[in-house]
Structures are given as structure tokens and as C-alpha cells.
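Welcome! Here are some short exercises for getting to know a protein chain, each with a worked solution. Try each task by yourself before reading on.

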Amino acid sequence: MTDRLSQIYDILVKWLKIILASILLVGVVISSIGSVQMLMGMDWGEIESLYNLIYRLLLLVIGLELVRMLVTRNLTVVLELLAFIIARKILNPDLATLDVVLGILAFVALLAARRFLISKG
């Protein structure tokens with residue numbers, strides 16, 4: 001009886017994660033359409049336009065990585081998601097020096113985690 005409930009619970013959680021991932025994917029697609037429209041109206045002679053493009057692209061990639069994380073069970077996906085989050089944070093032009101150093105240390109920690117926690121198989 002307990003095994004049957006456990007199986008039902010696992011199936012329910014799996015489908016809920018798929019539904020949530022689908023909703024997030026739709027949100028990413030809608031956001032990307034809005035971003036393209038917004039970026040087309042920008043003045044590309046300003047450096048702020050480039051920063052805005054990079055910032056928005058990394059946000060879309062983070063959304064896609066979240067979708068990927070919801071549908072797979074893989075530590076590598078989580079580490080890649082965290083790497084994109086840290087990269088997006090570090091590329092902020094108004095960031096203090098201490099925040100950049102902490103971001104770099106966090107990225108090094110992610111590389112170490114990938115090297116020592118993920119088996120090559």
C-alpha cells in the first residue's frame with residue numbers, strides 16, 4: 001500500500017513539474033518577444049543598449065535553464081543555472097568591486113563543485 005502511494009506521489013510530482021516547466025517556458029517565449037520589440041526601438045549608439053541586450057539574453061537563458069532543471073534530475077544543470085545567474089550579476093556595470101570579487105569566488109566554487117562532485121561517467 002505504501003509503495004503504491006509513493007508511486008502515485010512520484011507521478012503527481014513529475015507531472016506538476018512538467019506543468020510548471022511548461023508555464024515557465026511560455027513565459028520565457030512571451031518575454032523574449034517583448035524583449036525583441038523593446039530592443040529594436042533602442043538607440044544602438046549607446047553602450048547602455050549593449051548592456052541591456054546582454055542582461056536580457058542572460059535572463060532568458062536563466063529562464064530556459066530553470067525549465068531544464070525542472071524536467072531533469074541532474075546536478076550539472078543546477079551548476080550551469082547558478083553559473084548563468086552569477087554571470088548576469090557580475091556583468092552589471094554598476095557593480096561594486098567587492099561584489100565582482102565575490103562573484104568570481106562564487107564562480108570558482110562552482111567550477112570546483114563541478115570538478116569534484118560530478119563523476120565522469
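Helices here are DSSP runs of H or I with at least four residues, and strands are runs of E with at least two, numbered from the N terminus. With that in hand, L91 can be placed in the loop between α3 and α4 (97-117). Please keep in mind that this is a predicted model.

**Exercise 1. The elements**

Task: Find how many helices and strands the protein chain has, and in what order the elements run.

Solution. Start with the count: the protein chain holds 4 helices and 0 strands. Next, walk along the chain from the N terminus, and the order reads α-α-α-α.

**Exercise 2. The overall form**

Task: Compare the radius of gyration of the protein chain with that of a compact globule of 121 residues.

Solution. First, take the reference: a compact globule of 121 residues would come out near 14 Å. Then take the value for the protein chain, which is 19 Å. Now look at the extents: along its principal axes, the C-alpha trace spans about 65 × 35 × 25 Å. Add the burial, and you find that buried residues make up 18% of the 121 residues. Finally, turn to the surface: the chain exposes about 9,000 Å², with carbon and sulfur atoms supplying 70% of that area.

**Exercise 3. Two helix spans**

Task: For α1 and α2, set the reach from first to last C-alpha beside the expected span.

Solution. Begin with α1, residues 2-40: its 39 residues reach 57 Å, close to the expected 57 Å. Go on to α2, where 25 residues reach 37 Å, close to the 36 Å expected. Both expectations use 1.5 Å a residue.

**Exercise 4. Who covers whom?**

Task: List the buried residues of α1 and α2, and say which helices they pack against.

Solution. In α1, the buried residues are A21, V28, S35 and L39. Their cover includes α2 (47-71). In α2, the buried residues are S49, L58, L60, I62, G63, E65 and V67. These pack against α1 and α3.

**Exercise 5. E65 and T76**

Task: Decide whether E65 and T76 are buried or exposed, then name what each one touches.

Solution. Place E65 first: this residue sits in helix α2. The cut-off for buried is under 20% relative accessible area. E65 has 10%, so E65 is buried. Leaving out residues up to four places away in sequence, E65 touches V77, E80, L81 and F84.

Now take T76, which lies in helix α3 (residues 75-90). Its relative accessibility is 15%, so T76 counts as buried. With the sequence neighbours up to four places away left out again, T76 touches R114 and I118.

**Exercise 6. L91 and V101**

Task: Work out the exposure class of L91 and of V101, and find how far each lies from a chosen partner.

Solution. Partly exposed covers the range between under 20% and over 50%. L91, in the loop between α3 and α4, has a relative accessible area of 44%, so L91 is partly exposed. Not counting residues up to four places away in sequence, L91 touches Y51, I54 and L58. As for distance, L91 and A109 are 18 residues apart along the chain, and their C-alpha atoms are separated by 18 Å.

V101 has its place in helix α4. At 41% relative accessibility, V101 counts as partly exposed. V101 and G41 are 60 residues apart in sequence, and 34 Å lies between their C-alpha atoms.

**Exercise 7. Charges**

Task: Count the charged side chains of each sign and find how far apart the centres of the two sets lie.

Solution. There are 11 positive and 9 negative side chains. The centres of these two sets lie 13 Å apart.

Note on methods:
Residues numbered from 1 in each chain as written. Predicted model: local features only at pLDDT ≥ 70, side-chain atom pairs only at ≥ 80, totals over all residues. Heavy atoms only, no water. Rg over C-alpha atoms; globule rule 2.2 N^0.38 Å. Buried < 20%, exposed > 50% of the residue type's maximum accessible area, 1.4 Å probe, protein only. Areas by Shrake-Rupley, 256 points an atom, 1.4 Å probe, with all protein chains shown as cover. Lys, Arg positive; Asp, Glu negative; His and termini not counted. Charge placed at Lys NZ, Arg CZ, Asp CG, Glu CD. Expected span 1.5 Å × (residues − 1). Contact = heavy atoms within 4.5 Å.
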